[in-house]
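Q: Please take a close look at one part of this model. I would like the sheet and what packs around it, with the cut-offs spelled out.

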Amino acid sequence: MLEPQPKRQLQPLPDPHPLSLSVVIPLYQERDNIEPLLARIHQGLQIYPHPWELILVDDGSRDGTAQVLFEQTARYGTHVRVISFRRNFGQTAAMQAGFDAARGALIATLDGDLQNDPAEIPRLIDELLARDLDLLQGWRRDRQDALLLRKIPSRLANGLIARVTGVHLHDYGCSLKVYRSEVIKEIRLFGEMHRFIPVWVAGITAPERIGETEVGHRARELGQSKYGISRTFRVLLDLLVAFFFLRFGARPGHFFGGIGLSFGLLGGLMMSWLAWVKFGLGEDIGDRPLFFVAILFLVASIQFLTTGVLAEIMTRTLFASGDRTHHCICRQTDPEVASWKVEQQQDRPRSGAQTRRQALAGGFDLTPEQASQQAGAAAQGSEGSV
């Protein structure tokens with residue numbers, strides 16, 4: 001008789017560096033862009049003096065994207081991690097898988113179409129820390145896309161989203177963002193929620209801790225765009241869902257119950273009037289349209305009230321259940337052997353922004369003037385040691 005083997009005790013993971021960075025990039029049918037993308041990322045993050053990793057999520061591509069990704073991982077090292085889906089689950093699922101795998105204290109996202117410049121990520125991190133934000137959203141002010149099919153629908157959608165949700169940003173569709181990991185990991189992304197990430201973040205943090213900054217934008221050089229004019233109609237439907245979850249996500253009974261009580265009040269008033277007509281005035285009400293309207297309102301009231309109760313039960317069940325995802329991973333690099341990329345910065349004088357990052361990591365808040373003074377002192381010290 002075999003005795004049960006004792007369970008292996010997992011060692012707790014060490015706390016990440018306070019400024020460690022995970023770069024998450026969802027990819028779909030981007031085979032030709034992978035090599036230049038990885039080159040630009042490594043070139044752009046050379047000035048980042050803290051540990052960083054790169055997480056590439058292939059969303060079930062059929063053009064060989066996953067194969068090229070695993071080949072490039074062997075070339076660059078174990079700080080480049082690949083997650084490949086069994087089929088196409090959508091950009092939202094790819095971003096959620098990347099967030100789940102991210103180990104950094106900071107998370108940056110961008111598209112894999114080379115229209116975003118990875119070299120801007122260190123600047124966005126400096127600005128996120130300097131402004132004490134939880135999310136810094138990129139703003140493609142000089143957007144290099146078609147005016148009729150991309151720019152105009154995007155501006156209309158951005159204005160509508162800002163008006164409905166109260167989160168005023170110019171460019172919700174820009175994928176170049178920087179987050180604090182403890183904030184974005186509190187959100188579970190489903191459907192096509194990636195378009196409204198600032199809205200979901202506003203549900204767990206103050207809106208003033210969400211900012212935006214101008215970023216560059218390039219025209220697509222390789223591959224084909226995955227977006228078209230049809231996305232505008234999906235955005236409108238998703239906006240309705242986002243508004244509901246933002247206002248009533250934790251209390252859906254208030255939404256449905258409010259509608260049910262309104263219908264019940266109107267139906268009750270109608271029935272009260274008809275009761276007076278029937279018993280007070282002695283008139284026949286059986287063939288009056290108002291009688292049937294009152295019955296309809298009362299039935300609708302009961303339906304909305306019961307729907308609210310069921311929604312409350314489902315919400316509590318969801319919050320009590322374990323984490324679940326709606327994507328399926330086919331293959332990925334081994335997380336146990338994943339490492340960090342740390343650039344050698346010992347012989348380089350630190351800039352004011354880098355000095356400020358180091359101070360914030362240690363719990364100190366320096367003014368820009370103090371950071372510049374310390375950066376100058378560091379530069380003199382490095383010159384004297386040569």
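A: What follows goes from the whole chain to the sheet, then to the helices and one charged residue.

This is a predicted model, so local features need pLDDT of at least 70 and side-chain atom pairs count only at pLDDT 80 or more, while totals for chains, interfaces and linings use all residues. Residues are numbered from 1 along each chain as its sequence is written, and side-chain values use heavy atoms, with hydrogens and water left out.

The chain has 12 helices and 8 strands. Helices (H or I, at least four residues) and strands (E, at least two) are DSSP runs, numbered from the N terminus. Buried residues make up 45% of the 386 residues; buried means under 20% relative accessible area, with a 1.4 Å probe and protein chains only. Among contacts between residues at least 6 apart in sequence, 82% join residues at least 24 apart. Contact means heavy atoms within 4.5 Å.

Now the sheet. It is open, has 8 strands and follows the order 7-5-6-4-1-2-3-8, with mixed pairing. Strand 7 and strand 8 (329-332) are the edges, each pairing on one side only. Two strands pair if DSSP finds at least two bridges between them. On average, neighbouring strands are turned by 20° against each other, direction ignored. Strand 1 (residues 21-27) and strand 4 (residues 106-109) run parallel, joined by 4 bridges. Here Leu21 stands opposite Leu106.

Next, the helices. Helix 2 (residues 65-76) lies across strand 1, strand 2 (52-58), strand 3 (80-85) and strand 8, at about 165° to strand 3. Axes are lines fitted to C-alpha atoms, for helices over the stretch in contact, and angles run from 0 to 180 degrees between N-to-C directions. The axes of helix 1 (residues 34-44) and helix 2 come within 10 Å and cross at roughly 35°. Residues in this contact include Leu38 and His42 of helix 1, and Val68 and Tyr76 of helix 2. Helix 3 (residues 91-101) is mostly covered, with 10 of its 11 residues buried. Among them are Met95 and Phe99.

Last, back to an edge strand. Glu212 lies in strand 7 (residues 210-214). Glu212 is buried yet has no salt bridge, meaning a side-chain nitrogen of Lys or Arg within 4 Å of a carboxyl oxygen of Asp or Glu. The nearest side chain of opposite charge is Arg131, 7.6 Å away. Leaving aside neighbours within four places in sequence, Glu212 is in contact with residues including Glu127, Arg131, Trp139 and Asp171.

Definitions and conventions
Buried < 20%, exposed > 50% of the residue type's maximum accessible area, 1.4 Å probe, protein only. Lys, Arg positive; Asp, Glu negative; His and termini not counted.
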